[in-house]
Each structure stands twice: as C-alpha cells, then as structure tokens.
Amino acid sequence: MASASPLIRLEGLSVSFDGVRVLHGVDLDIGRGGTLGLVGESGSGKSVTWLAALGLLPGKARIEGRALLDGEDLIAASDRRLDAVRGGRIAMIFQDPASALNPVLTIRRQIGEALALHRGLSGRAVGAEAKRLLDLVGIPDAERRLSAYPHEFSGGQNQRVMIAMALAGQPDLLVADEPTTALDVTIQAQILDLLDSVRRETGMALVLISHDLGVVSQTCDRVAVMYAGRIVEEGPSSRLFADPAHPYTRGLIGALPPLDGSRRRLVSIAGTVPDPRDPPPGCAFAPRCLHSDRRCTGDVPQIEPIEADRRMACVLAVHRRSEIAARAGREHTTAETVAP
Amino acid sequence: MLRFFSLRVFRALLTVTLVVTFAFVVLRMSADPALIILGPEAPPEVIAAFRKSWGLDEPIWVQYVDYVAAIFRGELGRSMRDGRPAIELVAERIPATLALTLPALALKIAIGIPAGIWASLHRGTFVDRTVMAAAVAGFTVPSFVLGLVLVLIFSVQLGWLPSGGQDTWIHAILPIVTMGVGGAAVLARFTRSAMLEVLGQPYMRTASAKGLPWARAIRDHALPNAAIPTVTIVGFMVGTLIAGAVVVESVFSWPGVGRLLVVAVSNRDLAVVQCILLLVAATMVLSNLMVDFLYGFLDPRLAAGARAGGH
C-alpha cells in the first residue's frame, strides 16, 4: 500500500474514554477507490477508529493522532469543516438500519437533508434525485416509497435507504460499520452485492467493518485485522486469507468452517479479549496465543512490514520473515513477495 | 382508525362512569346532607321533609338510577343550599379558575420544556445539576407551602403583591406562579429524560454522520422524537385545568371551581360536588383523547398501528 497520496491516512490514531485507552495508535492508508476490510472481535476498536476520525464520538472521548483526508487533518478540523466532510466526502452507514433512521421523518426528508447539505439541491430537484437514489439502491416503486417512514420498510430495505442516503453526498469514501450484521443471511449477500456495485459505479473507496471474515474476503482487496485497539496484521485479502501470518489471524481463520475438503474440527481461540482497563503486559494477544513466549510480555510489538505490502505486529515477525524467504526461494517466486 | 378511536371513547366513558358512581356512593355514605345543611338542632320532621324533597329517603340504588336518568336528560341536579341548578353554580366559577390555570399551564410549558432541553444538552455539567436541583426543589415543595412562602415574601415582607382576592390581574400573579413552579419542575425532568433517551439513539449519530450541524440535528431529529413522551405530561396538565387549583384557590381565597368544591364537599351539597367531579372526569378523559390523537400525528408508527386496527 503506502501509495504516493492516499485518500485518507490515519496516523497514530488513539482514543481514550475516562483515561482508559481503547485505541492504541492506529496507522492506516486507503487509496482512492480502494476497498479495505476491518475485522476483529467486538470491542477491538474497529468502529471507534472511524467514529474518531469523523468526530462522531461523544465529547468525553480523548482523541490523539491524525486523520488526514487529502492531507487535511480531520481531528484538528472545526465542527463546521467536519460537517462538510461528513456525508460529503466520507459517508458512514451503521449496523442496525432500523434504529439508524429517524422513525418520525419520511425517507424523502432524510435523504433530502443530505442532498440539500452537500449538493445544494432544493425543491423538486430533491425529490427527483432522492427517487433516482432509491432506484439505484434497488427499492421498487421509489416514487411512492419516498413518503414512507422507516417502520414501513424491512431491515434490508432500510439498509438500502441508508446506502442511498450515504450516496446522496457523492462521497469519496463510504465507511460501512457492520452493515449486514443485523440482517438475514440471504439479505446480507444482496446488501454486499449492492455495496460492491455502487462502489464500482461511483468509484468511491469503501471501508467495510465486520467481525465476519467471509463478508470481508468477498468484498475487499485489502484487510486489516484488529485486536484490542491495535492493527495486528494488514495485507491484500487474497494473501492474508491464504497465508495468515499473525497468530490471531490464523486463529480467526482456523475458526471458520471450510467449504470444501475434508471435514475438520473447528478450532476456537481460547480465552477472552483483555479488559482495556487492565491490559496484559506486552502483546495484548499473548495470554491467548499458542506461540507466545517470554519475549511476548516485554514491549508491545510494533506493526512492521513482513513482505512487500504486508504488515504485522508480532515478535514472531522475524521468524516469519525468514520462513517466507525460505519458501520464496523454494517456489521461485519473484522478489515481490520477499520481505524488504 | 375507527376501531382505535371507538375503543378509546368506550374506555373514556367507562372512566367517567366509575368516577361518578364512586363519588355518588361515598358522598352519601359519609354523612347526611340534611343534618349538615339544617344543623343538628333542626326538628326531626323538618329533616324528614328535607330528605323527602331531595329524594334522600329512597334506597341508594334508586337514587342512583334517578341520578343517571337525569344526567341523560341533561339535568345535573340543584344545589341543596340555594336551589339553583348545580351546573350554573359551577359554570360561573370556571372563568375564574381558567384565569389561573391557563396562564399557569403556559408558564409550566414556557419554563419546563426549555429548561429540560437545556439540561439534557449539558448533561452532567454545572448547568444540568443546577436545573435539576431546582426542579427537585420545585416539585417536592407542596403548593400550599410554596404559596404561603411567596405570600410571606412578596406580600408581607416586600408588600409588592396582594396576598389574596380577585380584584385585578395583579392578584393572579402569586397563585399563577405558585402553580407554575411545580408543573415546570415536573416538565423539566420529563423533557430532560425524554431528550437524553433520544440523544442516545443511533439515528442521532446518523444525522451527524450525514453532516447535519448539531443544532439542526437537535431541532429536526431530536425534538420531534422527544415530543412524544412530553406530550403525555402536558396532556395530563391540560386535564387538570378545571380542578387543578383546589389548593391554590383556597390559599389565595380565589373564587374558582376549586373553592366551590371544597365548600360543597364540607356542606355535602351533593349535586354540586357530583357536577364538578363529572366535569373534572370529562376534561381529564377529553385531554387523554387529545393526547392519543396527537400521538398519531407525532408518531407515524402509532398512526400505522391505528390504521391497521391495532391496539
């Protein structure tokens, strides 16, 4: 990654609530039109990362670091500037579409607000554009449905409305926070297809936050795995899923049932996510890690390149590197996959 | 929709019937109007004649059937003291009461709702704690205590305002403030908690995420939702417009419906008491119906439920 000028770059983004740090210096780049999946257990900081970048956390949250959108730091930006960015440059959709939409306002009004704010539309133009957006996200009979309220839609349709609302400002980046978690499995696939197709049509970048590896692998070019408020591994999704490097990523993938091949026992990761008020010394995953030794309880491992285009935060990185180098020699692959 | 409202109307009538029946029975069981009005020294034959002329010698259920039948003919009975129709006695007191309760209601709304919103937007700060401390003080002090304290300060000590009577609008100030303070305190607390509930909802975050300035998100997204529970309390206050001033009218010797009720009860002037209670039950029930109707207007989910013939 690390292209010349990313659309958005997070630098050392940290968040604390009441003195308890829940996000520990997240670094992340997203290029124009790129797709990044952010995975991890609940409480790992996936959502907080983006809520912090967009200034959507409650006032008591302390945020450090920078979130650079085309070089402009959003953390230091004024409220007014943030209002222009939110919905205009970066849109966000949420987990439970039914409660994310205002129950007492019509769909037309809720989509219209974004159109008026970011596109300067008014009067009849709002209705026409809102109808076009509803058509785009696949709501049948859009004209009539514009005057409906959220409770008159199904969960999947509400998420389509949320997506239409997000697209209203023609954003450069859509952050989808667990967009399919609250939906039926059959609807999940439809929503993911929709996200994928509108992304292709509009050329916007997409961040897909999910605890579901399947959802992410299907939609995203790159994946970042978070654990206890840190990114522990990041890389192209094909390679990350085929050959996970971090013990936590390996654990996550090991816990997935294979679609083909022989049936095997699913492996769960023992233990639970550490309490952010009382983090273990050193690597936060060490107490649950099958490979941990005394090196793991020293310093917190920093995220470092392990191959071109891949990063990992684990003391085993050194071993990984030599392992990978050895394999690269065996398979005569190009130098691209060899660690720098 | 029709089923929704006919069910509501049926419940309303049931409520009025229960109130009227209860009052009827209790008033007649608790004391003998003939003895109270004529005095214990009155000769037995006078008392018997009085009882006969008012139908008090009949069994209670006969009296009740007569009473209900009269209501359906539009007759609410006559005062046992001066023989005038009870409804007339009550009706001439209503303007005086409304002259207190309507401005007091306006005061409750004008102070209580903004204070509640203000506190909710500054949750946990000094502003919030001050407003809520004032609110707790406001509704824990009974109105007769507050009324007397105000009289002590503004009439006795400062001499600015009269302590009782009904001659000019200045006489109305202290009773209105006395009633307004308690109601404003209740409304402030309800509005605050309704707002806090709404502010924590995911759709408020959606509003911010789409770039709506915070002040507009509050106005367009939070207030319409917080209005729903607040309307319930305001509706309850509207229901007490007629009879909500009993204590304050007594403290400030204000000749309204409340004082008429106190006098009529102690005299066992049955028709007048029943007439007032019927009126009170009817206003309460009517304001509840209005609240139900407003719900349908404020909350599209309920309107849909009503159209579908739901609860």
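Start with chain A and colour its two domains: the centres of domain 1 of chain A and domain 2 of chain A lie 29 Å apart, taken over C-alpha atoms. To make the selection, use 8–226 for domain 1 and 228–257 + 277–337 for domain 2; such bounds come from an automatic or database domain assignment. What you have open is a predicted model, in which local features need pLDDT of at least 70, side-chain atom pairs count only at pLDDT 80 or more, and totals for chains, interfaces and linings use all residues. Residues are numbered from 1 along each chain as its sequence is written, while chains are lettered from A and ligands numbered from 1 in the order in which they are written.

**Where the domains meet**

Next, show the contact, to which domain 1 of chain A brings 21 residues and domain 2 of chain A brings 20 (contact: C-beta atoms, placed from the backbone, within 7 Å). On the domain 1 side, pick out β2 (20–30), α9 (213–219) and β9 (222–227) of chain A, each of which supplies at least two residues. Helices (H or I, at least four residues) and strands (E, at least two) are DSSP runs, numbered from the N terminus. β2(A) gives the most to this side, with eight residues.

**Two strand pairs**

Stay with β2(A) and add β1 (residues 8–17) of chain A: the two pair in the antiparallel sense over seven bridges (pairing needs at least two DSSP bridges). Look for S16(A), which stands opposite R21(A) in β2(A). The two strands form a hairpin with two residues between them, and D18(A) in the turn has a positive phi of about 50°.

Now move to β9(A), which six bridges join to the antiparallel strand β10 (residues 230–236) of chain A. Here Y227(A) faces R230(A) in β10(A).

**The open sheet**

Widen the selection to the eight strands of chain A in the order β6-β7-β8-β3-β9-β10-β12-β11, an open sheet with mixed pairing. β6 (90–93) and β11 (304–307) of chain A stand at the edges with a single partner strand each, so one side of each has no neighbour in the sheet.

**The core**

Finally, bring in chain B. The largest nonpolar core has 161 residues, and A164(A), L173(A), V207(A), V232(A), V272(B) and I276(B) have the most contacts inside it. Such a core is a set of buried Ala, Val, Leu, Ile, Met, Phe, Trp, Tyr and Cys residues joined through C-beta atoms within 7 Å; buried means 20 or more other C-beta atoms within 10 Å of a residue's own, with C-beta atoms placed from the backbone. Helix α9 (residues 170–199) of chain B gives the most to this core, with 13 residues. End at I276(B): leaving aside neighbours within four places in sequence, I276(B) is in contact with V90(B), A243(B), V257(B), L260(B) and L261(B).

Notes
Contact = placed C-beta atoms within 7 Å. Buried ≥ 20, exposed ≤ 12 C-beta atoms within 10 Å, placed from the backbone.
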